[in-house]
Amino acid sequence: MKRIIITNGGGLDHLKVDECEIPKPKKSQILVKWLATSLNFHDYLVATGGIPVMNGRVPMSDGAGEIIEVGAEVLDWKVGDKVMSMFFPGWQDGPAAFEKIAGISGESIDGYLTEYSCLSANAVTKIPSGYSYTEAATLPCAALTAWNGLMYTGRLKPGDKVLIEGTGGMSIFGMQIALASGAKVYATSSSPSKAERLKSLGVEAVVNYKEDERWGKAIYKVSKGGVDHVLDVGGGSTMNQSIEACKIGGHITSIGILSNGRKGSITFPKLFFKFINLRGIAVGSKKMQNEMIQAIESTGFSPIIDKTFAFDQIAEAFKYQESGKHFGKIVLKYE
Ligand SMILES: NC(=O)c1ccc[n+]([C@@H]2O[C@H](COP(=O)([O-])OP(=O)(O)OC[C@H]3O[C@@H](n4cnc5c(N)ncnc54)[C@H](OP(=O)(O)O)[C@@H]3O)[C@@H](O)[C@H]2O)c1
């Protein structure tokens, strides 16, 4: 079997094809033939050395595939079942805890840029019915994060106003989940053509964050008094504008650090005089993933896939992600 590993501390030139034997599952494990993965900004950071990992680590936190063999003690799954990975295989249910989130797929444990792997029978969920493997591979990181931010911690209600920032994988899922829930969606984007596409998909108004550095005020204005929820993807580079965009009592989910936003300062009087509920999250639990799958099955929305690459075109796929041309998800299809 083939898998791709990170060598020499990372970098797109250090992603190497490695050949090894197909592993045998232990009693409590399943053997999965992986058929697709999708790119997340987290995977990009791991692959390029921005998040250091051990030499030989298999990257990519998302995977979808078919069960080929089950261990003797596995009761929940059978050969032929279609499954998808979990970002935190150790976080099954309940609130987050350090021990539950210690194992991160494609970072502290091997990910899914591999033709086969054995993993605990608890470390996967089913894929939504009717979904292809390529579609399912977009969900475990990006969609679950948007689901957790809006539905689980944000308690989104029909009629609420939601701001998504940019048109990357997580934000576009945020838009889809919000629209399917009867919310009104506002967005920012650096691209006029992507802004038009957002509007054609049902977004009320789009502000160009590169042309208007006070885009938070602009969103406050077009949303007529501010939004109820923001999915913040820029951290230090966006948080003050996210606060500006909120109505009094709004909810901001701190999710990302795009545009070098690892650190930054917050205008605190704005935060407390607007009674903002600021909440950090990291992806979600297996329970949340299963709830999201149920919601996908009843609303029937499909992920927006921008471009598909082959298994060994991983470096090319990351370069495309780096270019920022994508709208929604980038996928690798293995066959
Ligand atoms: N906390 C978590 O559990 C979690 C889970 C998933 C993702 N994340 C984080 O969320 C962020 C997005 O991840 P992703 O995988 O969706 O990334 P991605 O697909 O690579 O998103 C790239 C897009 O983000 C937009 N963007 C870049 N800088 C921006 C800025 N300053 N303001 C607004 N939009 C900006 C651009 O959209 P336009 O081209 O439209 O301008 C760009 O095309 C990353 O920081 C990632 O680490 C965190």
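**Notes on the two domains and strand β11**

1. The C-alpha centres of domain 1 and domain 2 lie 28 Å apart. Keep in mind, as you look around, that this is a predicted model. The domain assignment of the chain puts residues 2-141 + 284-333 in domain 1 and residues 154-280 in domain 2.

2. Now to the interface. Here 15 residues of domain 1 are in contact with 15 residues of domain 2. About 1,200 Å² of area is buried between domain 1 and domain 2, and carbon and sulfur atoms give 73% of that area. Three residues are worth picking out on your screen: F301, I304 and F327 supply 49% of the area that domain 1 buries against domain 2, more than any other three residues.

3. If you go looking for salt bridges across the interface of domain 1 and domain 2, the rule finds zero.

4. Next, have a look at strand β11, which covers residues 227-232. Six of its six residues are buried, meaning under 20% relative accessible area, so strand β11 is largely enclosed by the rest of the structure.

5. Which strands pair with β11? One is strand β8 (residues 161-165), joined to β11 by three bridges, and the two run parallel. In this pairing V162 stands opposite H229 of β11. Another is strand β12 (residues 246-254), also parallel to β11, with five bridges between them. There, V230 of β11 stands opposite I252 of β12.

6. Finally, the connection from β11 to β12 is a nice one to trace by eye: β11, helix α7 (residues 239-245) and β12 make a right-handed β-α-β unit.

Conventions: Residues numbered from 1 in each chain as written. Predicted model: local features only at pLDDT ≥ 70, side-chain atom pairs only at ≥ 80, totals over all residues. Heavy atoms only, no water. Buried < 20%, exposed > 50% of the residue type's maximum accessible area, 1.4 Å probe, protein only. Helix = DSSP H or I, 4+ residues; strand = E, 2+ residues; numbered from the N terminus. Pairing = 2+ DSSP bridges. Right-handed = clockwise from strand over helix to strand, strands pointing away. Domains from an automatic or database assignment. Contact = heavy atoms within 4.5 Å. Buried area = accessible area lost by both parts, 1.4 Å probe. Salt bridge = Lys/Arg side-chain N within 4 Å of Asp/Glu carboxyl O.
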